Amino acid sequence: MNDLQQLIERHQYTGRVGTAFIYSICVSIALNFFWNPGHIYSSGITGAAQLVHTLSTRYLGVDLGIGELLFLLNIPLFILAWIKISHRFTIFTIIAVGMSTVMIRALHPVTLTTDPIICAIFGGAVNGFGTGLALRYGISTGGLDILGIVIRRATGRKMGTINMTFNAFIIVAAGFVFGWPYAFYSAIGIFVNARVMDMVYTRQQRMQVMIITDRPKTVVDSVQHHIRRGITIVHGAEGAYKHNKKSILFTVISGYEVGELQEAINESDPNSFVSLSNIVRILGNFYEPRL
């Protein structure tokens with residue numbers, strides 16, 4: 001059993017390192033092929049690294065690499081993650097950001113276009129895909145992700161206000177440095193980045209599940225075999241058409257677990273009725289896998 005557990009952990013480690021490498025390629029392409037040629041600023045710490053690079057080059061005559069700045073600006077957040085989240089989470093975050101630093105420097109810039117709209121959209125889409133993929137497989141890309149996790153654990157709230165404030169600062173900075181049209185182009189890029197990231201990363205989405213079935217025990221056993229979720233059973237329901245006795249099962253899952261839920265339902269009671277709805281907020285305990 002210990003050998004099997006070690007094999008699983010080794011496989012997960014290899015998979016996460018591979019995902020970190022894919023992310024580093026995506027952020028490098030976004031920066032070197034789209035954002036920099038189009039004078040577009042990214043969101044979060046990457047955007048802050050771009051801003052520091054632009055100001056140091058323009059006013060100090062010092063060419064500080066964006067990749068190196070990205071790593072340096074993340075160091076305080078690495079320390080926060082080490083103390084507040086977990087050592088393993090911090091190590092994988094350092095790997096992801098470190099690989100990004102190397103790839104940003106190693107991947108030779110190619111100017112495909114300088115059209116700011118195209119650069120904003122495609123840069124945001126490529127980076128959003130890489131970030132969402134990393135988050136989906138349990139890897140943080142550093143920056144505001146770490147603050148978000150710490151704040152959510154401490155207060156149960158998302159860090160929407162801090163995120164919007166920081167990104168608003170980046171957008172205004174783009175306006176002062178490159179002109180106000182570029183501020184709006186950067187806003188478009190940030191929006192596209194967030195939308196693509198949400199499409200790829202579904203773990204943060206919470207969904208309420210209602211299952212109507214006449215085989216409650218079988219369904220509960222199957223669902224809990226596939227995913228670690230508590231289930232509330234309401235007995236004594238009745239179908240209005242045939243007046244058959246039914247049970248109603250309620251649970252809450254993440255968007256990442258929808259496929260496993262569907263597999264569990266197909267195995268246990270394919271004739272059941274299942275309804276899923278998005279949840280705005282959860283009060284109380286909701287299990288999240290260890291980072």
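# A tour of the helices and a pocket

Start with the record. The unreviewed UniProt entry annotates "transmembrane region" over residues 20-38, 58-82, 89-108, 120-139 and 160-178. The model on screen is a predicted one, so read each stop as computed from that prediction.

**Stop 1: two annotated spans.** Select residues 20-38. The span is 100% helix and 0% strand. Its end C-alpha atoms lie 26 Å apart. Now select residues 89-108. Here the chain is 90% helix, again with 0% strand. The end C-alpha atoms of residues 89-108 are 30 Å apart.

**Stop 2: the second largest pocket.** Its volume is about 340 Å³. Which residues are closest to its centre? Select Asn32, Asn36, His53, Asp63 and Ile66: of the 20 lining residues, these are the closest. Next, colour the elements that give two or more residues to the lining. They are helix H1 (2-38), helix H2 (44-60), helix H3 (66-84) and helix H4 (87-106). Switch to colouring by residue class. The lining of this pocket divides into nine nonpolar, eight polar and three charged residues.

**Stop 3: H2 against H3.** Keep two of those pocket-lining helices, H2 and H3. Their axes come within 9 Å and cross at roughly 125°. How are H2 and H3 set to each other? An angle over 115 but not over 145 degrees counts as oblique, and H2 and H3 are therefore oblique to each other. H2 passes H3 in a right-handed crossing.

**Stop 4: H5 against H8.** Select helix H5 (residues 116-136) and helix H8 (residues 180-200). The axes come within 7 Å and cross at roughly 30°. Angles under 35 degrees count as roughly parallel, so H5 is roughly parallel to H8. The crossing of H5 and H8 is right-handed. Show the side chains where H5 and H8 touch. By class, this contact has 15 nonpolar, seven polar and one charged residues.

Technical notes
Residues are numbered from 1 along each chain as its sequence is written. This is a predicted model: local features need pLDDT of at least 70, side-chain atom pairs count only at pLDDT 80 or more; totals for chains, interfaces and linings use all residues. Side-chain values use heavy atoms; hydrogens and water are left out. UniProt positions are given in the numbering used here, feature names are shortened, and annotations may be inferred rather than shown by experiment. Helices (H or I, at least four residues) and strands (E, at least two) are DSSP runs, numbered from the N terminus. On a 1 Å grid over the protein atoms alone, a cavity is a set of points where a 1.4 Å probe fits but cannot get out, and a pocket is an open set with protein on both sides within 12 Å along at least five of seven lines; lining residues have an atom within 4 Å of a point. Grid points are joined across faces, edges and corners, and a volume is the space filled by probe spheres set on the points. Ala, Val, Leu, Ile, Met, Phe, Trp, Tyr, Cys and Pro count as nonpolar, Asp, Glu, Lys and Arg as charged, and the others, Gly among them, as polar. Axes are lines fitted to C-alpha atoms, for helices over the stretch in contact, and angles run from 0 to 180 degrees between N-to-C directions. Angles under 35 degrees count as roughly parallel, over 145 as roughly antiparallel, 65 to 115 as roughly perpendicular and the rest as oblique. A crossing is left-handed if the near helix is turned anticlockwise from the far one by less than a right angle, and right-handed if clockwise.
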